[in-house]
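Q: I should like a close look at one part of this structure, followed by a connected account of the charged pairs and backbone features elsewhere in the chain.

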Amino acid sequence: MNRTLGVCYYPEHWPETRWADDAARMAKLGLTHVRIGEFAWSRLEPKRGAYDFDWLRRAIDTLHGAGLKVVLGTPTATPPKWLVDEMPDMLPVGVDGSVRGFGSRRHYDFSHDGYLEESKRITLALAKAFGEHPGLCAWQTDNEYDCHNTTLSYSAAARAGFQQWLQRKYQSPEALNRAWGNVFWSMEISEFSEVELPNLTVTEANPAHVMDFRRYASDMVVRFNKAQADIIRAHSPGRDVIHNFMGRTLAFDHFAVGADLDISSWDSYPLGFLEDRSDQDDAWKRQFARAGDPDFQAFHHDLYRATSKGRWWVMEQQPGPVNWAPHNPAPRDGMVRLWSWEAFAHGAETVSYFRWRQAPFAQEQMHAGLLRPDSIEAEGHREAAQVAKELARLDGELDDKAGRADVAIVFDYASAWAWEIQPQGREFDYFRLLFDFYRTLRRLGLSVDFVAADTPSLEGYGLVVIPGLFTWSQALIGAIEAHDGLVLIGPRSGSKTADFAIPETLPPALPDDILGVRVSRIETLRADMPVPVKGGGTIRFWREYLEIGAGTGTVLIAEDGVPALVAKGTRHYLGGWPDADLLLSILRRLSGQAGLAIRELPDGVRLRRHGRHVFALNYGAKPFDLADLGWSRDLLLGQRMLSPSGIAVARLADAGY
């Protein structure tokens with residue numbers, strides 16, 4: 001696998017006389033891929049049926065002539081005004097019932113059949129026109145599904161589509177009434193046409209109703225993406241189909257969308273995400289304000305790698321200050337290079353920077369590019385050039401495949417929906433819970449894979465972690481039964497049936513031969529009401545009272561005598577949300593029992609194993625001596641004294657593995 005660099009480019013934003021010079025400069029920099037076209041519908045079809053593809057063909061020809069490979073986006077994230085005027089009911093409707101109108105982007109409803117057909121029409125026209133172009137290497141479907149919270153729409157189209165979806169699932173109103181428990185509050189229906197959308201209710205809607213609506217909405221995203229992917233494959237054989245996911249975006253099932261992709265990608269904005277999507281306190285945010293959270297990018301690298309069976313890109317990599325966060329600092333020197341190398345450490349094929357030249361107009365004019373608006377090279381350009389030279393020097397040295405990581409975490413989008421629907425405590429958030437486990441494993445120097453909740457096998461993992469899983473699949477139960485390594489389950493795992501009811505056998509609803517434990521009751525706690533655990537650390541936010549059966553023993557106990565961690569053989573259950581100290585202690589213990597090599601790291605330093613090599617990255621503001629971790633011999637890249645923003649690459653044997 002050749003690791004490559006790319007950039008996002010908008011030829012329609014610039015005079016055509018600049019294109020050739022831009023392309024030549026891209027190639028000279030060491031870029032090989034260019035994404036174009038994903039927002040250009042109004043230029044591609046100014047009026048219905050009046051296609052203007054000539055400019056796009058000239059742009060692709062120009063880029064191809066400079067030796068660059070083109071990723072062409074379908075323009076369906078920005079339907080033009082004439083189309084909105086033709087069918088205004090294609091616009092999405094917010095949870096408050098207001099129409100979300102034309103004037104920015106993503107102004108369409110996934111449920112709208114008419115817009116689906118229009119999206120297929122423009123995709124087909126582009127695929128026929130450019131599908132066999134020798135400069136075209138891949139397609140990007142749409143752009144950033146759910147950006148600006150656009151998966152959920154409460155429109156007439158969504159209501160009709162949801163009713164049809166429910167009829168296919170339940171077959172009869174009586175079956176739906178039983179599944180949802182509609183006898184409660186006299187919510188029974190006699191016809192599917194009576195089902196309303198779960199918004200604008202006086203108080204909370206039935207959670208089973210909301211959960212099915214979330215499943216339906218996710219299916220509509222899958223349907224929309226698959227329609228484009230099928231057209232592209234039929235008319236552009238041999239080209240990869242890609243979509244660019246986002247950070248901390250859980251509104252649809254990315255595994256289901258990924259099943260129709262060749263490559264998953266995502267848009268990585270470390271500084272924006274630290275400001276906009278982090279649960280850390282202000283002191284943490286100040287500490288990493290110019291570097292980004294040491295684990296947030298890695299989390300998504302590993303997650304999106306899992307959604308498309310290993311092939312993944314960064315489609316948009318932050319190269320400088322962005323425009324959309326509450327505060328938008330400049331990256332510390334070296335961080336653009338570090339972010340690029342971190343992606344390669346997790347197996348990325350391509351890292352593509354957003355964007356080539358900073359736009360001097362419209363909504364994103366404050367978003368930096370590799371070039372300034374005056375076409376002078378910006379700071380990120382220098383770092384991208386350094387990465388390109390380093391990739392060329394290491395060409396053929398690094399392994400193609402990352403190999404199996406030390407630990408697997410089960411990740412489930414339906415669980416994120418469930419605990420958003422019924423958090424029970426203000427702080428309970430599925431992403432936050434899983435991120436706590438992920439960060440702690442990284443602090444121990446371990447590499448992590450994510451697996452889906454319907455995985456049939458956990459073979460090869462020394463430790464498997466299953467936090468907060470809404471409900472069990474039979475495949476996962478079978479995988480746990482067959483697994484000979486350690487498993488850590490909980491908190492809140494298996495606490496509901498698929499119909500959003502408490503299991504009759506009580507959570508975690510596992511066979512006794514796996515783990516003899518019952519959750520008799522739960523409580524949620526204020527942040528200032530933690531429960532101390534003997535030996536150190538506390539349970540916070542979410543706490544369970546555990547009843548244990550024969551063959552199950554207590555490993556950790558709260559100071560009030562309630563078991564906190566129990567085990568039956570190699571299978572463990574954690575009855576609460578641990579604070580950082582307790583979680584570190586638990587995962588240190590279990591990783592040691594699993595025979596995993598632990599290297600406890602300071603806040604800013606992280607390791608990632610990839611094939612026969614290990615990468616070290618320093619998000620921190622202080623140098624770190626890798627000799628403290630056993631790095632002894634010459635490195636493939638970098639120095640043993642790892643500077644702030646520094647990266648180093650060593651063979652496993654030379655890094656003490």
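Is C8 buried or exposed, judged by its relative accessibility?

A: The model is a predicted one. In this model C8 counts as buried, because its relative accessibility is 1% and the cut-off for a buried residue is under 20%. The cysteine sulfur closest to that of C8 belongs to C137, and at 13 Å the two are too far apart for a bond. The relation also holds from the other side: for C137, the closest cysteine sulfur is in C8, again at 13 Å and too far for a bond. A disulfide is a covalent bond between the sulfur atoms of two cysteines. A pair would have to lie within 2.5 Å to be counted as one, and a search of the whole structure finds zero disulfides.

Charged pairs may be considered next. Side chains of opposite charge can pair when their charged atoms come close. A search of the whole structure finds 47 salt bridges, and several of them can be described individually.

One of these salt bridges is local in sequence. K81 pairs with D85, and their closest N and O atoms are 2.6 Å apart. Both residues belong to helix α4 (residues 81-86), where a separation of four residues amounts to about one turn of the helix. K81 itself is partly exposed, as its relative accessibility is 38%.

Another salt bridge joins D240 to R311, with an N to O distance of 3.1 Å. D240 is in strand β5 (residues 240-245), whereas R311 is in the loop between α12 (296-307) and β7 (312-317), so the pair ties together parts that are 71 residues apart in sequence. The two partners differ in their cover: D240 is buried at a relative accessible area of 19%, while R311 is partly exposed at 28%.

A further salt bridge links E397 with R651, whose closest N and O atoms are 3.6 Å apart. E397 sits in the loop between α14 (379-393) and β9 (407-411) and R651 in strand β24 (residues 647-651), so this pair ties together parts that are 254 residues apart in sequence. E397 is partly exposed at 24% relative accessibility, and R651 is also partly exposed, with a relative accessible area of 36%.

Salt bridges can also join into a network, as they do for D293, D295, E342, R439, R442 and R606. Among these residues, E342 can be placed in helix α13 (residues 335-345). E342 is buried, its relative accessible area being 1%. Apart from neighbours within four places in sequence, E342 contacts P294, Q297, A298, H301, R442, L617 and Y619. R442 is therefore both a contact of E342 and a member of the network, given that contact means heavy atoms within 4.5 Å.

R58 offers a further charged site, in helix α3 (residues 54-65). Its side chain and that of E16 are joined by a polar contact of 2.8 Å. The C-alpha atoms of R58 and E16 are 9.0 Å apart in space, although 42 residues separate the two in sequence. When residues up to four places away in sequence are set aside, R58 touches E16 and W19. R58 is partly exposed, with a relative accessibility of 38%.

The surface also carries a nonpolar patch formed by V183, F184 and W185, which together have about 400 Å² of accessible area. F184 is located in the loop between α7 (173-180) and α8 (207-235). L200 is likewise placed in the loop between α7 and α8. L200 is exposed at 63% relative accessibility, and its phi is near 60°, a positive value in a residue other than glycine.

H148 has a positive phi as well, of about 65°, although it is not a glycine. H148 lies in the loop between β4 (136-140) and α6 (156-170) and is partly exposed at 39% relative accessibility.

Finally, two cis peptide bonds deserve attention in the backbone. One joins G490 and P491, with omega about -5°, and P491 lies in the loop between β12 (486-489) and β13 (517-524). The other runs from P507 to P508, with omega near 5°. P508 is also assigned to the loop between β12 and β13.

Terms used
Residues numbered from 1 in each chain as written. Predicted model: local features only at pLDDT ≥ 70, side-chain atom pairs only at ≥ 80, totals over all residues. Heavy atoms only, no water. Helix = DSSP H or I, 4+ residues; strand = E, 2+ residues; numbered from the N terminus. Buried < 20%, exposed > 50% of the residue type's maximum accessible area, 1.4 Å probe, protein only. Polar contact = N/O pair within 3.5 Å; in protein donor to acceptor, adjacent residues only side chain to side chain. Patch = residues over 30% accessible without salt bridge, like charges linked within 9 Å, V, L, I, M, F, W, Y side chains within 5 Å. Areas by Shrake-Rupley, 256 points an atom, 1.4 Å probe, with all protein chains shown as cover. Salt bridge = Lys/Arg side-chain N within 4 Å of Asp/Glu carboxyl O.
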